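Welcome! Please take a look at the protein below and turn it around a few times before reading on.

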Amino acid sequence: MTRTATYARLALSRKRNTAPAYLIHHVTDRCNAKCRHCFIVHDGAYAIPDGVTHGDVLTLQEIERLTKTLGPNLYTVQLTGGEPLLRADLLGIIRAYYASSAVSYVQVCSNGWFTQRSAALAEAVLTEDPRRRFGFVISVDDVEARHDENRKMAGLFEALVGTIRALQELQKSFEGLQVSVNVTVTKHNQDRLHEIYTYLTSKLGIQNVMSTLIRGTPADPNAGGVDIDKYEAFVEACADGWMRGQYRGFGNFLEARLVNAQNVLTRRRNVALARDPTEHNVCYAGDLSGVVYADGTVAFCEEVPLVVGNLRDWDFDFTALWRSDLAARVRARRDATPCKCTHECFAVCNTLFNPRNWPRLALIAARGPHGDA
């Protein structure tokens, strides 16, 4: 309840220069897949955000220093890449966040290739402290051979199914483990979204299916141009599955219903933005949310490379960089060119911390997993 009150005060207060509540941390540039929809520029076996990162990845010791400087508001950290399971010291990174930051939930975004490594990681994290909330989001873009073709990786679908089943087995012992699937909607899979959703929920027993609308400049230009009607139908199918109580979405923590309501409202907002880019949008990227790239570069957003600086130039003090005159100048540039993107991760803060959204959030949360009454 104390944390809930803290976030309520944060939502009602001035957001400028506060500590972030949501952080995306690219722990590696390396990736073992080459997805057609990826907005990262590929170079051999590496995934390098074009014009953003330029140096060696942060070491575990450097990340440990970073986690001590993130401020009191941090709620969620997304560990991503590249493929984060390619880092042998990923457990150490996760330990550092739980030990030294205010984070409540650490989530690993993975392609699901490393089954044994994923299960061992989840078991280690939660055995150390069963009260932790820890999760995996496994990316699934299609079913069986089509998924492998999209990611240019033979055998990936079979591997990710094994990873999901291994993590689901661990859920029987660890209540705090969340297993989610994210589907990136592209022109390549838009005609099979119902089939994909049915497979994920009925055959794999996924309780939390989320959607991402393809964004940025994809590796395959033909992946864009999604039919928004088809995207909206998928958004509503995911929402309906939770709201009617068929699937629990996020669960086993106090704010779960609110987080699930946020997922529904965020995706509906993205449908509106995709239809009408002039739709009014409030964005807190650079205030309540931010990005740390693998080499220590700090940016406000992944979609627009508003780079603030590099942690190595600031003695790994995130807060000092975040509140610097340099960051203030970048915010001024951000404010002069307002964005209308559909980045679901950053929309978490935009939805939850904007009081204007609260009536709709409350309505959706009230309808929640107990039906429409």
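What follows is a short tour of this model, from its overall form down to single residues.

The model is predicted. The protein is built from 13 helices and 11 strands. Its radius of gyration is 19 Å, close to the 21 Å that the globule rule gives for 373 residues, so the protein is as compact as a globular protein of that length.

**The whole protein**

- Along the principal axes, the C-alpha atoms fill a box of roughly 50 × 45 × 45 Å.
- Of the 373 residues in the protein, 58% are buried.
- Take the contacts between residues at least 6 apart in sequence: 77% of them join residues at least 24 apart.
- About 15,600 Å² of the protein is exposed, and carbon and sulfur atoms supply 53% of that area.
- The protein has 43 positive and 41 negative charges, and the mean positions of these two groups are 5 Å apart.

**The nonpolar cores**

- In soluble globular proteins, nonpolar side chains tend to be buried together.
- Here, the largest nonpolar core has 80 residues, and L79, I94, Y97 and F134 are those with the most contacts inside it. Helix α6, residues 156-171, gives the most to this core, with seven residues.
- A second, separate core has 35 residues, including A21, Y105, L265 and V348.

**Helix α3 and its cover**

- Which residues of α3 are buried? They are L90, G92, I93, I94, A96, Y97 and Y98.
- Several elements help to cover these buried residues, among them the strands β1, β4, β5 (105-110) and β6 (133-139). The helices α2 (60-67) and α4 (115-128) are also included in this cover.
- To see one residue of α3 in detail, pick I94: leaving out residues up to four places away in sequence, I94 touches L79, V106, V108, L121, V125 and F134.

**A buried serine in a strand**

- S180 sits in strand β7, which spans residues 177-185.
- Is S180 buried or exposed? With a relative accessible area of 0%, S180 is buried, because buried means under 20%.
- Apart from neighbours within four places in sequence, S180 is in contact with F136, V137, I138, N208, M210 and F250.

**Unusual backbone spots**

- Most residues other than glycine have a negative phi, and most peptide bonds are trans. The next places are worth finding with that in mind.
- A cis peptide bond joins G81 and G82, with omega at about 15°. G82 belongs to the loop between β4 (76-80) and α3 (90-100).
- K152 is not a glycine, yet its phi is positive, near 55°. This lysine is in the loop between α5 (145-151) and α6, and K152 is exposed, with a relative accessible area of 52%.
- F316 also has a positive phi, near 60°, in a residue other than glycine. F316 is in the loop between β11 (307-310) and α10 (318-322), and its relative accessible area of 6% makes it buried.

**A21, before a strand**

- A21 is in the loop between α1 (2-12) and β1 (22-26), and at 3% relative accessibility A21 is buried.
- Which residues does A21 touch, not counting residues up to four places away in sequence? The answer is Y7, N73, L74, Y75, T76, L288, C349 and F353.
- For a sense of distance, A21 and G162 are 33 Å apart in space, C-alpha to C-alpha, and 141 residues apart in sequence.

**Two neighbours in helix α13**

- A362 is in helix α13, residues 358-367, and L361 lies in helix α13 too.
- A362 counts as partly exposed at 45% relative accessibility, whereas L361 counts as buried at 2%.
- L361 touches L258, A261, Q262, L265, T351 and L352, with residues up to four places away in sequence left out.
- From C-alpha to C-alpha, L361 and E149 are 38 Å apart, with their positions 212 residues apart in sequence numbering.
- A362 and R30 are 332 residues apart in sequence, and their C-alpha atoms are 41 Å apart in space.

Note on methods:
Residues are numbered from 1 along each chain as its sequence is written. This is a predicted model: local features need pLDDT of at least 70, side-chain atom pairs count only at pLDDT 80 or more; totals for chains, interfaces and linings use all residues. Side-chain values use heavy atoms; hydrogens and water are left out. A nonpolar core is a set of buried Ala, Val, Leu, Ile, Met, Phe, Trp, Tyr and Cys residues joined through side-chain atoms within 4.5 Å. Buried means under 20% relative accessible area, exposed over 50%, partly exposed in between (1.4 Å probe, protein chains only). Helices (H or I, at least four residues) and strands (E, at least two) are DSSP runs, numbered from the N terminus. Contact means heavy atoms within 4.5 Å. The radius of gyration is taken over C-alpha atoms; the globule rule is 2.2 Å times the number of residues to the power 0.38. Accessible areas come from the Shrake-Rupley method with a 1.4 Å probe; for residues, only the protein chains shown count as cover. Lys and Arg count as positive and Asp and Glu as negative; His and the chain ends are not counted. The place of a charge is taken as NZ of Lys, CZ of Arg, CG of Asp or CD of Glu.
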